[in-house]
Amino acid sequence: QHSASELILVEDEMTDTEDNEEEDLGVMDDQRSVILHLISQLKLGMDLTRVVLPTFILEKRSLLEMYANFMAHPDLFLSIAAGATPEERIICFVEYYLTAFHEGRKGAVAKKPYNPIIGETFHCSWDVPKDKVKAFRTNGVSTVSKDPTKEFGQDQSTCYKLRFVAEQVSHHPPVSCFYCECKEKKMCVNAHVWTKSKFMGMSIGVSMVGEGVLYLMEHEEEYVFTLPSAYARSILTIPWVELGGKVNISCARTGYSATVTFHTKPFYGGKVHRYRNYSEVKHNPTNTIVCKAQGEWNGMLEFTYSNGETKVIDTNKLPVIRKKIRPIEKQGPLESRHLWQHVTNSLKEGNIDAATEHKHRLEERQRAEERQRVALTTPWKPKYFAKEGDGWLYLNPLWKTH
């Protein structure tokens with residue numbers, strides 16, 4: 001049993017300077033012919049899990065790191081525990097949830113993160129200024145402006161520490177797990193996600209099968225939530241991403257639940273939905289709707305509460321707290337940035353052939369190790385997570401240590 005704290009020295013972590021903005025260039029002509037050739041071999045509805053996609057559509061980070069970017073507003077995440085009532089807490093969760101996706105999907109161009117290899121891990125943390133974590137009603141988010149000159153104070157005593165670890169626990173099917181905790185706020189989240197990609201003509205659909213659970217130890221509440229599907233559209237020109245499907249958030253103990261519906265653009269005619277997602281928070285025992293939200297996950301969101309009050313959040317103006325991560329030379333060989341560094345550097349230099357070669361080597365190594373395990377009948381044993389029922393649980397979660 002590893003305890004995460006033994007392995008990862010937080011003192012080594014530094015504020016992340018990587019900028020994942022992708023250039024908004026469309027697909028080049030020579031790349032278009034590669035994609036057309038690929039498409040000609042695919043059937044509608046075909047599972048893309050084992051299809052090798054061209055390297056030029058890759059984003060310069062692993063899927064495990066993309067999940068970490070769901071926590072880009074850790075102040076909103078930590079504010080959930082500050083809610084005074086179960087109603088306030090689930091509303092805060094929905095506010096956090098709806099703002100969680102835009103930072104993970106940087107830039108207008110849809111690119112695909114690296115498929116993590118089995119055993120790959122990603123670690124990071126955030127220092128969240130305590131004065132940014134507010135109880136629900138005072139949380140006047142819409143007034144906050146994004147001012148890059150005001151770097152958040154790094155003084156530990158004025159900050160909460162939020163830690164994150166992700167691990168690829170299975171290759172077929174591809175399952176990623178992540179766990180995030182803040183000891184001081186006595187809250188943590190544990191999730192497992194199995195990504196399934198499907199070919200849909202001019203778009204690719206990725207469903208995120210699995211669920212997460214948010215634990216608020218002080219209130220003895222568990223919130224179970226699911227994740228939306230993502231669609232990469234117009235894959236031959238300038239690909240872009242939209243979210244679709246219906247997700248659920250529920251807390252059995254308090255009887256509150258929420259549904260969030262992500263609407264995709266209609267195919268023919270029809271206006272683009274001005275409200276691309278719609279959500280409702282409900283108290284099930286009394287069948288009362290306590291909050292409604294509508295808007296766009298990467299634009300403006302408007303919340304209406306049962307007392308008639310409203311609040312608007314502009315996701316593009318929310319201050320992003322940068323994650324802290326250890327420099328590559330201090331990372332282990334299976335940590336995402338260390339593992340993919342040659343692919344990333346080649347992509348940055350625009351050397352697609354070298355990137356493809358490095359990526360191919362990693363995938364070959366993974367296949368060879370898989371064959372060896374099959375021959376020796378030794379199943380893969382993850383480092384930080386253990387299988388429980390249909391899901392996966394972090395080995396040392398806060399609720400075990402409290």
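Which residues touch the most other members of the largest nonpolar core? In this predicted model, they are Phe-77, Trp-126 and Phe-164, within a core of 65 residues. Helix H5, spanning residues 86-99, gives the most to this core, with 8 residues. Apart from it lies another core, of 14 residues, which includes Cys-177, Val-213, Tyr-215 and Tyr-394. As general background, nonpolar side chains in soluble globular proteins tend to be buried together.

The surroundings of Phe-77 can be followed residue by residue. Leaving aside neighbours within four places in sequence, Phe-77 is in contact with Met-71, Tyr-96, Leu-162, Met-187, Val-189 and Leu-214. One of these partners, Tyr-96, is a buried residue of H5.

H5 itself has 14 residues, and the distance from its first C-alpha to its last is 20 Å, close to the 20 Å expected at 1.5 Å a residue. Because 12 of its 14 residues are buried, H5 is largely enclosed by the rest of the structure. The buried residues include Ile-90, Ile-91, Phe-93, Val-94 and Leu-98, but also Glu-88, Arg-89, Glu-95 and Thr-99.

Helix H9, residues 352-376, offers a second case to examine. Its 25 residues reach 36 Å from the first C-alpha to the last, close to the 36 Å expected at 1.5 Å a residue. In H9, the buried residues are Ala-355, Lys-359, Leu-362, Glu-363, Gln-366 and Arg-373. Thr-377 follows H9 and has a positive phi, near 45 degrees.

The cysteines come next. A search of the whole structure finds 0 disulfides. Cys-92, a buried residue of H5, is in no disulfide, and the nearest cysteine sulfur, that of Cys-291, is 9.8 Å away. The relative accessible area of Cys-92 is 4%. Why does Cys-188 form no bond with the closest cysteine sulfur? The sulfur of Cys-188 is 8.9 Å from that of Cys-180, which is too far for a bond, because a disulfide requires the two sulfur atoms to lie within 2.5 Å. Cys-188 is also buried, with a relative accessible area of 0%.

These local features belong to a protein chain of 402 residues, of which 52% count as buried. Its secondary structure comes to 10 helices and 19 strands. Among contacts between residues at least 6 apart in sequence, 64% join residues at least 24 apart. The chain exposes about 19200 Å², of which carbon and sulfur atoms supply 54%.

Key
Residues numbered from 1 in each chain as written. Predicted model: local features only at pLDDT ≥ 70, side-chain atom pairs only at ≥ 80, totals over all residues. Heavy atoms only, no water. Core = buried A, V, L, I, M, F, W, Y, C linked by side-chain atoms within 4.5 Å. Buried < 20%, exposed > 50% of the residue type's maximum accessible area, 1.4 Å probe, protein only. Helix = DSSP H or I, 4+ residues; strand = E, 2+ residues; numbered from the N terminus. Contact = heavy atoms within 4.5 Å. Expected span 1.5 Å × (residues − 1). Areas by Shrake-Rupley, 256 points an atom, 1.4 Å probe, with all protein chains shown as cover.
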